[in-house]
Amino acid sequence: MIDEYKHLQELIRQHDPNADLSLVEKAYRLSKVAHEGQTRVSGDPYIVHPVAVACILAEMDMDAATIAAGILHDTIEDTFYEYAQLKETFSEEIADLVDGVTKLTKIPYTSKQEEQAENFRKMFLAMAKDIRVIIIKLADRLHNMRTLKFKPKEKQVETARETQEIYAPLAHRLGMHRIKWELEDLSFRYLDDKSYYDLVEKIAKKRREREEYIQRIIEEVHDKAVEMGIEAQIEGRAKHLYSIHQKMEKQQKSIEQIYDLFAIRLIVSSVKDCYAILGLVHELYKPMPGRFKDYISMPKPNMYQSLHSTLIGPEGIPFEVQIRTAEMHHIAEVGIAAHWQYKQGGKGDQDVAEKLNWLRQLVDWQKDTHDADQFMENLKIDLFTDEVFVFTPKGDVKNLKAGSTPIDFAYSIHSAIGNRMIGAKVNGRIVNLDFELKNGDIVEVITSSSSNGPSRDWLKIAKTSQAKNKINQWYKKEKRDENVEHGHDLFDKEIKKSGYTAQQLVKAEWLEPIMRKFSIHTMDDLYAGMALGALSAAKVVSKLKEEYRHSLTPEEQTHLLLEHIEKESKKKKKIVPESGVVVKGIDNCLVRLSRCCNPVPGDDIVGYITRGRGVSVHRADCSNVKNNLIDGDARLIDVSWYKSTTHTVAYLAEITIKSHDRSGLLIEITNVIGESRIPLRAINARTGKDLVAIMHLTLEITHAEQLDRIINRISSIRDVYEISRNR
Ligand code: MN
């Protein structure tokens, strides 16, 4: 049994003398066999490393599963053991932890600018799923840093940089200060050895002086505490080198000006004692104004709790004091790791609100924390389910919405890349453009300068609004000329259909309010808008028509109407209506609808064979028929209306309207006819001396019912008192 393993057992028993070590033992035996024959660069057998990692975890009082996973953490990566075997031998939990660490190991990292480093940290968290994976990974990194001296120089710098940029900040975010400090100091040593050893020397020179001084304070405080009956553990606090270095650099201070070089920490058993001993210290020494901080009543977002004060010690040298309970101290040292304890049910039942504080510290990374509760309950990182982190071929990380595709990726780089994309590779393999990207994928966009631009289908595939907007933009811009032209055509056609001319309708002052309503500034934009369906050409023209009519005097309006009717009727002349009457027994004969009664389909009709003029058709109720005024030679013949659903024939019907004369009446009547979509063929109006207006209207109708309806509507107009169909 190696010494490291004995040490591990001791560490676990320190926290819990009765701890069940069987799981850890089993992990150790398997890992030892798996790594048999492997050695580290230092010459040690490989098993020393995973057990040392487990020791770091045990020092943080991590749970048994995490420690076992720590011992096994390199088995999937470096030995013949696979996920399935670990799952079978141990549990899904342990296999998942080891698998998670293995995945993190595979993330390639070369130093990047700060923004990129932040994305890497996020990706670590996103890929970890269970936060214990990060904790194991940090312990792994710590041991590798401790043994970095065996590696070649180049590797040292590379590893140290990665540690400083990724791992130490991660440890900081997770409140794991003990690991963070050590990682920072070790990185500092390999990245800037001159400054590091300079500082070590400077501090060493002062060491004796400092230690004596601190010892004197410790004794004074200790005596006073005993006197007051407060039990306190008092220690001199070694400030870690990197933070002194940073302070000196940032604040341009010499080592003499760094107060917390002289620092003590008081650990007491209750919050009450924290304040009691603070009072005691403030009595013994003069506090420096503005340097007292109460992180007990106002904990830091990462749950850090302590009282801080700076005091003027003997000989006028300032020193710092930190006061906290043992539990606060544990959290200050191990941070989020405090949530897993070797023995379940110990002090692990912190209330939920307290646990949530941990998440507030993650707020930097994630705004939406509504899953926070469940997150802590499941000991899972569930914070990034709506994000996915992928690599560019150069190793930059892109942060996209979950479910994103290569199209989203391409447009997140540049719209020109997206617009010229013809395909994509993920991890070196060609994929479909709707391929769903996963964390850690390396995505390469294949572009071609001869690409015709994005396909409209991409709008359905893309998940990010950024990509969709850019595709839409492309369409708007690229197709603009086409759209303007098409819109112009639509507008012209609509004007032609209206029966008016562009000269009459297109006036800047009428268009202006319409364009303003749609935030359109130029005629080209207006046309493009019509082509894209943002606004309807028909509606614009109808609005212009209205404006035009309003601009006319009543006389002009009437004139216009008559002109319009004339034009329409001329147009109609080409469509000579067929009679629509079927003459029994005769297929092809000349049929004439009589002018005396103007029969329309639906009317009861009778037919007479006339000499030389074919069949003359009258309404059955025609007065000429009733009064036998038809030519005596004429012979009655059976006729009926031809019934067709596919083919309607128009007939002319004349009506006479009598009303009290008033202005605007004619317009009202023609409006009603217009709304009913009945073509008005002729109009003739006059007003008698008795102020009775008589109007004769000729309407083109397709069925008698249609005529009945329009007669009804006209008769409901105010001042119309008689309306009749001409016989
Ligand atoms: Mn390792």
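Colleague: Is Asn427 buried, partly exposed or exposed, and what is the relative accessible area?
Modeller: This is a predicted model. Asn427 sits in the loop between β9 (421-426) and β10 (429-431). Buried would need under 20%, and exposed over 50%. Asn427 is therefore partly exposed, with a relative accessible area of 48%.

Colleague: What is the phi of Asn427?
Modeller: Asn427 is not a glycine. Even so, the phi of Asn427 is positive, at about 50°.

Colleague: Where is Ser519, and is Ser519 buried or exposed?
Modeller: Look at the loop between α24 (508-517) and α25 (523-531), where Ser519 is found. Ser519 is not glycine, yet its phi is positive, near 55°. The cut-off for exposed is over 50%. Ser519 has 57% relative accessibility, so Ser519 counts as exposed.

Colleague: Which residues coordinate the manganese ion?
Modeller: The donors follow the spacing H-x23-H-D-x65-D along the chain. Their distances to the manganese ion run from 2.2 to 2.5 Å. The four are His49 (NE2), His73 (NE2), Asp74 (OD) and Asp140 (OD).

Colleague: How many residues apart in sequence are the parts that His73 and Asp140 tie together?
Modeller: Both residues coordinate the manganese ion. His73 lies in the loop between α4 (64-72) and α5 (75-78), while Asp140 lies in helix α9 (residues 131-146). The pair therefore ties together parts of the chain, and these are apart in sequence by 67 residues.

Colleague: Is Asp140 buried or exposed, and at what relative accessibility?
Modeller: Buried means under 20% relative accessible area. His73 counts as buried, at 1%. Asp140 also falls under that cut-off, so it counts as buried, with a relative accessibility of 5%.

Colleague: Which helix gives the most to the negative patch?
Modeller: The patch of negative charge lies on the surface. It gathers Asp481, Glu482, Glu485, Asp489, Asp492 and Asp524. Five residues come from one helix, and that helix is α22 (residues 480-498).

Colleague: What is the relative accessible area of Glu485?
Modeller: Glu485 is found in helix α22. Glu485 is also one of the residues in the negative patch. Glu485 is exposed, because its relative accessible area is over 50%: the value is 55%.

Colleague: Why is helix α15 described as largely enclosed by the rest of the structure?
Modeller: Helix α15 covers residues 326-334. Its buried residues are Met328, His329, His330, Ile331, Ala332, Glu333 and Val334. The helix is largely enclosed because, of its nine residues, the number buried is seven.

Colleague: Which residue follows α15, and what is its phi?
Modeller: Go just past the end of the helix. The residue there is Gly335. The phi of Gly335 is positive, near 60°.

Colleague: How far apart in space are Ile67 and Ala54, C-alpha to C-alpha?
Modeller: Ile67 is found in helix α4. At 0% relative accessibility, Ile67 counts as buried. Ile67 and Ala54 are 13 residues apart in sequence. In space, C-alpha to C-alpha, they are apart by 5.1 Å.

Colleague: What distance separates the C-alpha atoms of Gly688 and Asp661?
Modeller: Gly688 lies in the loop between β19 (680-687) and β20 (692-701). Gly688 is partly exposed, with a relative accessible area of 30%. Gly688 and Asp661 are 27 residues apart along the chain. Their C-alpha atoms are separated by 9.1 Å.

Note on methods: Residues are numbered from 1 along each chain as its sequence is written. This is a predicted model: local features need pLDDT of at least 70, side-chain atom pairs count only at pLDDT 80 or more; totals for chains, interfaces and linings use all residues. Side-chain values use heavy atoms; hydrogens and water are left out. Patches are made of residues with over 30% relative accessible area and no salt bridge: like charges are joined within 9 Å, nonpolar side chains (Val, Leu, Ile, Met, Phe, Trp, Tyr) within 5 Å. Accessible areas come from the Shrake-Rupley method with a 1.4 Å probe; for residues, only the protein chains shown count as cover. A salt bridge is a side-chain nitrogen of Lys or Arg within 4 Å of a carboxyl oxygen of Asp or Glu. Lys and Arg count as positive and Asp and Glu as negative; His and the chain ends are not counted. The place of a charge is taken as NZ of Lys, CZ of Arg, CG of Asp or CD of Glu. Helices (H or I, at least four residues) and strands (E, at least two) are DSSP runs, numbered from the N terminus. Buried means under 20% relative accessible area, exposed over 50%, partly exposed in between (1.4 Å probe, protein chains only). Donors are N, O and S atoms within 2.8 Å of the metal (3.2 Å for Na, K and Ca); water is not among the atoms, so sites may look incomplete.
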